[in-house]
Amino acid sequence: MTLERETIPFDVLFVGAGPACLAGAIRLKQLADEKSMELEIAVIEKGSEVGAHAVSGAIFDPCALQALMPDFLEKGFPFEAVVRGDALYYLTADKAIAAPILPRYLHNQGFYVVSLSRLSRWMGALAEEAGINVFCGFAGKEVLYSEDGTRVIGVRTGDKGLDKDGLPKANFEPGADLTANVTVFGEGARGSLYPDVARRMRLEDHRMPQVYETGIKEVIELPETGAFPSDGPNVMHFLGYPLGPFRAGGGFLYDMGENRIGIGYLTALGYEDARIDPYGMFLRFKSHPFIRSRISSGKVIEQGARTVSVGGFHTIPKLVMNGGLIVGASAGIHDVLGLKGIHAAMYSGIWAAEAIFQALQSGDTSEAGLSAYPKVFETSKLHAAIFEGRNTTAALAKTNPVRYLFLGAQYVTGGKGLRDPMWLHADAETLKPISEAEQAPGDPSAQPDGVWMVDKLTGVYLSRTHHREDQPSHLIIHDSKLCITTCLERYGNPCTRFCPGQVYEYHEHPETGAREIKLNPSNCLHCKTCDIKDPFGNITWTCPEGGEGPEYRMV
Ligand code: SF4
């Protein structure tokens with residue numbers, strides 16, 4: 001069947017309504033308005049509304065927002081609390097040891113605790129007020145290239161109304177071809193269009209593989225205010241328990257105003273132990289006596305999960321191509337040492353917009369015409385901060401005491417350390433056979449009570465995740481036989497543990513003994529962990545119908 005697809009042309013198309021693309025779209029519109037230039041700018045977002053898929057810690061350095069709109073406070077910038085100070089703790093199994101000094105890049109005093117979901121929604125509203133087309137519920141399904149394949153010319157959105165077998169139902173609507181002089185990819189960590197564009201345009205040549213952490217975050221409502229003393233730090237960072245001293249990851253407790261507290265735990269996906277479950281690590285972190293004493297009178301009111309790209313400097317791809325740019329977490333632009341990415345994403349969007357504007361004015365939107373973007377980035381303070389942390393993730397990936405030697409040497413040498421550069425290994429390559437695995441770290445007795453500790457399925461419910469059941473699975477298992485043979489024997493089906501949405505379940509028929517991995521795609525939180533960590537690359541995450549997935553409001 002030949003489909004009639006609508007083609008909608010724009011001058012500039014931003015893919016993903018996160019802070020990078022929204023800052024970029026707003027900056028581009030400002031520049032166009034200053035020169036009275038008519039530009040059709042569009043932002044597409046796969047969530048049902050802007051912010052629906054946005055989840056992060058998040059401590060926010062307002063420097064980029066200030067540059068974009070100096071009157072951001074008057075415009076109603078949504079924040080949960082102002083950071084009074086930071087504290088850093090190392091957790092043993094039953095104690096919290098406060099660090100006597102704080103690393104210089106963890107001083108967040110005066111910055112803001114934000115909900116990325118609320119911040120994105122606010123920016124989306126400002127973009128619409130400025131005259132930018134913001135289309136929610138539209139998933140970019142495919143990148144469009146010029147006939148000779150040397151130029152990005154836009155994005156095809158996903159079809160709607162397909163049945164389980166991929167056949168059109170009565171309400172079928174084919175996706176549209178959104179074409180543009182310039183397309184900006186800002187889909188967040190592990191974007192679904194990014195791998196294709198990176199391969200076709202060779203964006204990752206001579207780069208190290210990107211690596212990730214899976215973070216689970218909750219907002220907990222307490223019966224009364226006062227979780228943080230009014231004269232002390234209201235931002236706490238944690239290392240140690242349950243991952244221990246030789247695995248990468250950590251937790252946080254953030255003041256979210258009134259009687260709310262933001263709590264999260266990130267597990268680096270370079271772990272070797274096939275028994276590790278990032279959700280289980282989060283529960284064990286919550287049950288630590290120091291953490292529990294602050295949250296156990298409360299109730300989880302929202303939960304979310306997402307991967308974060310943490311490889312840093314050596315993993316940042318080529319940022320421009322003919323007709324396209326990569327911004328924000330899609331490009332791995334993240335301040336690894338400062339544990340912050342939102343201001344970095346915004347800056348990348350702003351610099352991309354300024355380069356696009358120049359390119360449109362000169363009529364040259366080729367890779368060379370857009371090259372002002374990487375040039376400005378490379379001379380920025382942000383780049384210097386990212387460069388200083390260039391070997392941090394690789395040092396943290398060491399699983400023995402030598403990691404602290406590397407980290408210490410990097411701290412006093414501005415990042416160079418004992419070896420420069422240090423190589424990173426893709427997260428899919430690090431698992432050891434389950435026969436060599438220990439028990440997952442931490443106390444296994446940390447069990448959900450349904451109130452302040454909730455299980456995976458309750459977490460899915462609290463993320464308001466929804467997908468229409470009667471559609472093709474957006475999770476593709478390329479070889480289902482591999483799951484019940486080699487993967488089961490060697491790694492014990494790690495997808496059944498690393499997925500925070502309990503999407504993958506192992507079943508063995510009680511009579512026939514037939515085995516299968518059963519999929520529950522409607523639980524999917526769009527975190528992308530499975531696309532990253534599966535040791536055989538046997539799982540590919542694709543976009544379901546636009547408008548589905550989580551409906552975050554405050555994480
Ligand atoms: Fe995350 Fe994959 Fe599970 Fe969806 S199926 S929640 S993307 S791990």
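Student: How many bridges join strand E5 to strand E15?

Tutor: The model under discussion is predicted. In it, strand E5 covers residues 86–91 and strand E15 covers residues 235–240. The two strands run parallel, and the number of bridges joining them is 6.

Student: Which residue of E15 is the bridge partner of Tyr-90?

Tutor: Strand E5 spans residues 86–91 and is joined to E15 by bridges. For Tyr-90, the bridge partner in E15 is Leu-239.

Student: In what order do the 7 strands of the open sheet stand?

Tutor: The sheet is open, and its pairing is mixed. On average, neighbouring strands are turned by 20° against each other, direction ignored. The order of the strands is E6-E5-E15-E16-E17-E14-E18.

Student: Which strands stand at the edges of this sheet, and why is one side of each left without a neighbour?

Tutor: A strand at the edge has a single partner strand, so one side of it has no neighbour in the sheet. This applies to two strands, one covering 96–98 and the other 299–309. They are E6 and E18.

Student: Which helix packs on the sheet?

Tutor: The helix in question touches E5, E14, E15, E16, E17 and E18. Its direction makes about 135° with that of E17. It comprises residues 278–286 and is helix H5.

Student: Which helix gives the largest share of the largest nonpolar core?

Tutor: The largest nonpolar core has 85 residues, and those with the most contacts inside it are Leu-119, Val-197, Ile-333 and Tyr-373. The largest share of this core amounts to 14 residues. These come from residues 342–362, that is, from helix H7.

Student: Which residues does Leu-119 touch, not counting those up to four places away in sequence?

Tutor: Leu-119 is among the residues with the most contacts inside the largest nonpolar core. Leaving aside residues up to four places away in sequence, Leu-119 touches Phe-60, Phe-77, Pro-78, Val-114, Ile-342 and Met-346.

Student: How many residues does the second, separate core have?

Tutor: This core is separate from the one that contains Leu-119. Among its members are Leu-91, Val-113, Leu-243 and Tyr-265. Its size is 73 residues.

Student: What is the radius of gyration of the protein, and why does it agree with that of a compact globule?

Tutor: The protein has 555 residues, and a compact globule with that number would have a radius of gyration near 24 Å. The C-alpha atoms fill a box of roughly 65 × 60 × 50 Å along the principal axes. The computed radius of gyration agrees with the globule value, because the protein has 23 Å.

Technical notes:
Residues numbered from 1 in each chain as written. Predicted model: local features only at pLDDT ≥ 70, side-chain atom pairs only at ≥ 80, totals over all residues. Heavy atoms only, no water. Core = buried A, V, L, I, M, F, W, Y, C linked by side-chain atoms within 4.5 Å. Buried < 20%, exposed > 50% of the residue type's maximum accessible area, 1.4 Å probe, protein only. Helix = DSSP H or I, 4+ residues; strand = E, 2+ residues; numbered from the N terminus. Contact = heavy atoms within 4.5 Å. Pairing = 2+ DSSP bridges. Axes fitted to C-alpha atoms, helices over the stretch in contact; angles between N-to-C directions. Rg over C-alpha atoms; globule rule 2.2 N^0.38 Å.
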